[in-house]
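Let's take a walk through this structure together. Please have the sequence and the 3D view open side by side as you read.

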Amino acid sequence: MSRAGVGRVALVTDTALTPDQIQQIRDRVAELMPQVRADLEELVRIPSVSATSFDQAQVARSAEAVAELLRREGLEVDIVVEGGRPAVIGHLDGPEGAPTVTLYAHHDVQPPGDDADWDTPPFEPTERDGRLYGRGAADDKAGVMAHVAALRTHAGNLPVGVTVFVEGEEEFGSASLPTILEKHGHRLAADAIVIADSGNWAIGEPALTTTLRGGVRAVVRVETLDHSVHSGMFGGAAPDAVTAMIRLLASLHDDEGNVAVQGLDEGTAADLDYDEARFREESGLLDGVELIGSGSILTRLWNKPSITTIGLDVTSVEKASNTLAARAAAKVSMRLAPTQDPQAAFELLRTHLLEHAPWGARVTVDLEEHGSGFAADADGPVCDEARASFADAWGTEPVDMGVGGSIPFISDFVARFPEASIIVTGVEDPDTRAHGANESLHLAEFEKVCVAEAVFLARLGALPRG
Ligand SMILES: [Zn+2]
């Protein structure tokens, strides 16, 4: 499939790896895949749901299973718990003077949801049409196994020093990750950090995830009256808080649907094929309902801010009476351009809301939660080698992809390891349904992910040392 030129990057050709060496890695991974697949299935059978209402003994079991897989590859392994779920840290030295790489994945999973929505039981891995179905089959136990596969490919002859870090609560907010980084961060420091928790652009089309949006959640309160009053006696002269709130929320977008808060960062997405028909299909947009905002659809989804009202405290329709409401509250979620400082974005939102208070209504805005986006410094030798590894594995050049959502913990890594090149990869494809019912892994793509990672380690090991 042809793509426009933007988003593609010229490949490194002066690598120390020969085509023969790359072919040997492909062959070796192919030999290893049956066992990699079997080990993946064992991990999927452990229902390691990190959400509190699930049995946390299973998360401990999956940490132990991951630790054992790493020990078998010769790594020195610890299971660390810092007030949250168990994480696994393993390390194996490389040749003297070789770069070091930290490989991240997570072994916990999302709750399976309603079993009835699954065609086969969520924790019984099942193959259909080249895909392996099961909760965590992709997100992110296949990420764990891609790391193990890369280590196995180089068993006895690891080209770089490798640290593997497999978190146990990514799906539950990574609450203890800052403490883990504080206490054990020195063990995770590396020249490159591979975060295998994203995906590729399409089947057969690899991608490097170079941007993620950040986010802010805020609570807006509007008050207009000391107490609720009769709408017949006072309506027409006194404003009610709900109408004032609606006008206030309406001020957050212009007529086209662009965010109207001034001063927020905006960027532009790579020029990839993604048409309106596909967006309509994937989003379930009703016939006749227009898209909002301006710029390419991917720019709107990946590189521009968006604002959504996600909650509203007003009298329900059922309990309504002829009254002017004295107060109303709303929860607003903002997605932010990857480069945006979330605290600054909140201040801009707050200023906008205070300045647009209709009819002198009293408005207060409180920050509930914020998280940074991610904009990779996508140049430099490590990124070049990552792209070249994708090309070696897929036979086609990778694209730079954004993600409209967030992986908040990445900013913790960026802050803790400012010198490291952070490479965001993953096993997902557009049909993976991570977090949903019938989550699945495309097995042929998974093999390519494993090849790419094994080649990447070899390419880094072959870089001239300086
Ligand atoms: Zn994940």
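The paragraphs below go from the metal site to a strand, then to the pockets and some backbone details.

Keep in mind from the start that this is a predicted model. A good place to begin is the zinc ion, which is coordinated by H106 through NE2, by D139 through an OD atom, and by D197 through OD twice, at 2.0 to 2.8 Å. Along the chain, these donors follow the spacing H-x32-D-x57-D. H106 and D139 come from distant parts of the chain, 33 residues apart: H106 sits in strand 3 (residues 100-106), while D139 lies in the loop between strand 5 (131-133) and helix 3 (141-153). Both H106 and D139 are buried.

What is the geometry of the zinc site? The site is irregular, with angles of 51 to 150° among the four donor atoms. A tetrahedral label would need all angles between 85 and 135 degrees, so this range from 51 to 150° does not qualify.

Stay with D139 for a moment and look at the backbone. The peptide bond that leads from D139 to D140 is cis, with omega near 5°. D140 belongs to the loop between strand 5 and helix 3, and D139, the zinc donor, is placed in that loop as well.

Now turn to strand 6 (residues 161-167). Seven of its seven residues are buried, so the strand is largely enclosed by the rest of the structure. In a regular strand, side chains alternate between the two faces of the sheet. Here both faces are covered: G161, T163, F165 and E167 are buried on one side, and V162, V164 and V166 are buried on the other.

Which strands pair with strand 6? Strand 2 (residues 87-92) pairs with strand 6 in the antiparallel sense over five bridges, and T163 in strand 6 is the bridge partner of H91. Strand 3 pairs with strand 6 in the parallel sense over seven bridges, and here V162 of strand 6 stands opposite V101. Strand 3 may sound familiar, since it is the strand that holds the zinc donor H106.

Next, explore the pockets. The largest has a volume of about 1200 Å³. It is lined by 39 residues, and those closest to its centre are S198, V403, G404, G405 and E428. Several elements give two or more residues to this lining: strand 7 (192-199), helix 7 (276-283), helix 8 (297-303), strand 16 (399-403) and helix 11 (409-416). By class, the lining has 15 nonpolar, 12 polar and 12 charged residues.

The second largest pocket holds about 400 Å³ of space. Of its 22 lining residues, G257, I292, G293, R300 and S306 are the closest to the centre. Helix 8 and strand 11 (306-313) each supply at least two residues of this lining, and helix 8 also gives two or more residues to the lining of the largest pocket. The class make-up here is 10 nonpolar, seven polar and five charged residues.

Finally, two loop residues deserve a look at their backbone angles. S174, in the loop between strand 6 and helix 4 (177-188), has a phi near 50°, a positive value in a residue other than glycine. N438, in the loop between strand 17 (421-428) and strand 18 (440-442), is not a glycine either, yet its phi is positive at about 60°. S174 is buried, with a relative accessible area of 7%, and N438 also counts as buried, at 9% relative accessibility.

Note on methods
Residues are numbered from 1 along each chain as its sequence is written. This is a predicted model: local features need pLDDT of at least 70, side-chain atom pairs count only at pLDDT 80 or more; totals for chains, interfaces and linings use all residues. Side-chain values use heavy atoms; hydrogens and water are left out. Donors are N, O and S atoms within 2.8 Å of the metal (3.2 Å for Na, K and Ca); water is not among the atoms, so sites may look incomplete. Four donors count as tetrahedral if all angles lie between 85 and 135 degrees; four count as square planar and six as octahedral if opposite donors are over 155 degrees apart and all others between 65 and 115; anything else is irregular. Helices (H or I, at least four residues) and strands (E, at least two) are DSSP runs, numbered from the N terminus. Buried means under 20% relative accessible area, exposed over 50%, partly exposed in between (1.4 Å probe, protein chains only). On a 1 Å grid over the protein atoms alone, a cavity is a set of points where a 1.4 Å probe fits but cannot get out, and a pocket is an open set with protein on both sides within 12 Å along at least five of seven lines; lining residues have an atom within 4 Å of a point. Grid points are joined across faces, edges and corners, and a volume is the space filled by probe spheres set on the points. Ala, Val, Leu, Ile, Met, Phe, Trp, Tyr, Cys and Pro count as nonpolar, Asp, Glu, Lys and Arg as charged, and the others, Gly among them, as polar. Two strands pair if DSSP finds at least two bridges between them.
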